[in-house]
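Welcome to a short set of exercises. Have a look at the model below, then work through the tasks at your own pace.

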Amino acid sequence: MVSPFNMALATPSTSQIYTLSGEALGCQASPITASLIVLPLPQVSISQTHSLVCLGESATLSAIGTAAQFSWSPVSGLNLSNSATVIASPTITQMYTLLGALNGCTANATATLQIQNPPTIQLNLSNSTICSQPYNNSV
């Protein structure tokens with residue numbers, strides 16, 4: 001006896017039409033067909049104005065490709081999270097992931113924004129006050 005739960009797994013790379021027919025105890029079932037449409041994955045990459053910025057500065061990250069919807073993570077340090085273009089102002093070096101979607105299919109890309117701390121500088125004066133000096137314009 002054939003189980004009513006027999007299955008076939010299909011993973012085509014292009015759209016296909018499948019036809020199923022069956023027989024049990026000499027009786028033939030009418031064939032049925034089903035269409036399986038394979039949608040393309042979106043192409044997603046990230047363009048960034050800078051890969052290294054000083055602490056307190058920002059860089060623009062832009063989605064490039066065929067995606068129609070966008071989701072950036074982590075959202076910390078970003079001005080927006082669901083836009084093709086965002087401004088990133090992280091306080092530490094951060095890798096951002098962009099998830100791009102098109103017709104329910106998704107792809108992702110990453111970009112790292114490295115943060116450079118400003119140098120520590122110091123100014124030491126031997127005296128904080130001095131007497132003015134006459135200016136002599138003679139040669």
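How many residues lie between E10 and E11 in their hairpin, and which residue in the turn has a positive phi? Before we start, please note that this is a predicted model, in which local features need pLDDT of at least 70, side-chain atom pairs count only at pLDDT 80 or more, and totals for chains, interfaces and linings use all residues. Residues are numbered from 1 along each chain as its sequence is written, and side-chain values use heavy atoms, with hydrogens and water left out.

**Exercise 1. The hairpin**

Task: answer the opening question, then describe the pairing of E10 with E11.

Solution.
- Step 1: Two residues separate E10 from E11 in the hairpin, and Asn 103 in the turn has a positive phi of about 55°. Strands (E, at least two residues) are DSSP runs, numbered from the N terminus, as helices (H or I, at least four) would be.
- Step 2: E10 and E11 run antiparallel and are joined by nine bridges; two strands pair if DSSP finds at least two bridges between them.
- Step 3: Within this pairing, Met 95 has Thr 112 in E11 as its bridge partner.
- Step 4: Asn 103 is exposed, at a relative accessible area of 55%. Buried means under 20% relative accessible area, exposed over 50%, and partly exposed in between, with a 1.4 Å probe and protein chains only.

**Exercise 2. The four-stranded sheet**

Task: in what order do the strands of the open sheet of four run, and which of them stand at the edges?

Solution.
- Step 1: The order is E6-E11-E10-E8, and the pairing is mixed.
- Step 2: Strand E6 (52-54) and E8 are at the edges; each has a single partner strand, so one side of each is left without a neighbour in the sheet.
- Step 3: From one strand to the next, the twist averages 30°. Here axes are lines fitted to C-alpha atoms (for helices over the stretch in contact), and angles run from 0 to 180 degrees between N-to-C directions.
- Step 4: Look at E6 and E11, which run parallel and are joined by three bridges. Val 53 has Ile 115 as its bridge partner in E11, while Leu 52 stands opposite Gln 114 in E11.
- Step 5: Now turn to the two faces of E11. The covered face includes Ala 107, Ala 109 and Leu 113, whereas the uncovered one includes Thr 106, Asn 108 and Gln 116.

**Exercise 3. The three-stranded sheet**

Task: which strands form the open sheet of three, and how are they paired?

Solution.
- Step 1: The order is E5-E7-E9, with antiparallel pairing.
- Step 2: E5 and E9 are the edge strands, each with a single partner strand, so one side of each is left without a neighbour in the sheet.
- Step 3: Neighbouring strands are turned by 25° against each other on average, direction ignored.
- Step 4: Between E7 and E9 there are four bridges, and Ser 62 has Thr 85 in E9 as its bridge partner.

**Exercise 4. The nonpolar core**

Task: which residues of the largest nonpolar core touch the most other members?

Solution.
- Step 1: A nonpolar core is a set of buried Ala, Val, Leu, Ile, Met, Phe, Trp, Tyr and Cys residues joined through side-chain atoms within 4.5 Å.
- Step 2: Among its 19 residues, those touching the most other members are Ile 46, Leu 61, Trp 72, Tyr 96 and Leu 98.
- Step 3: At least two residues each come from several strands, including E5 (44-48), E7 (59-65) and E10 (94-102).
- Step 4: E11 gives the largest share, five residues.

**Exercise 5. Unusual backbone geometry**

Task: where is the cis peptide bond, and which residue in the loop between E2 and strand E3 (27-28) has a positive phi?

Solution.
- Step 1: Recall that most residues other than glycine have a negative phi, and most peptide bonds are trans.
- Step 2: The cis bond joins Ser 73 and Pro 74, with omega about -10°. Ser 73 belongs to strand E8, and Pro 74 lies in the loop between E8 and E9.
- Step 3: Ser 73 is partly exposed, with a relative accessible area of 36%. From Ser 73 to Met 95 the C-alpha to C-alpha distance is 8.7 Å, although they are 22 residues apart in sequence.
- Step 4: Leu 25, which is not a glycine, has a positive phi of about 55°. Leu 25 is found in the loop between E2 and strand E3 (27-28) and counts as exposed, at 89% relative accessibility.
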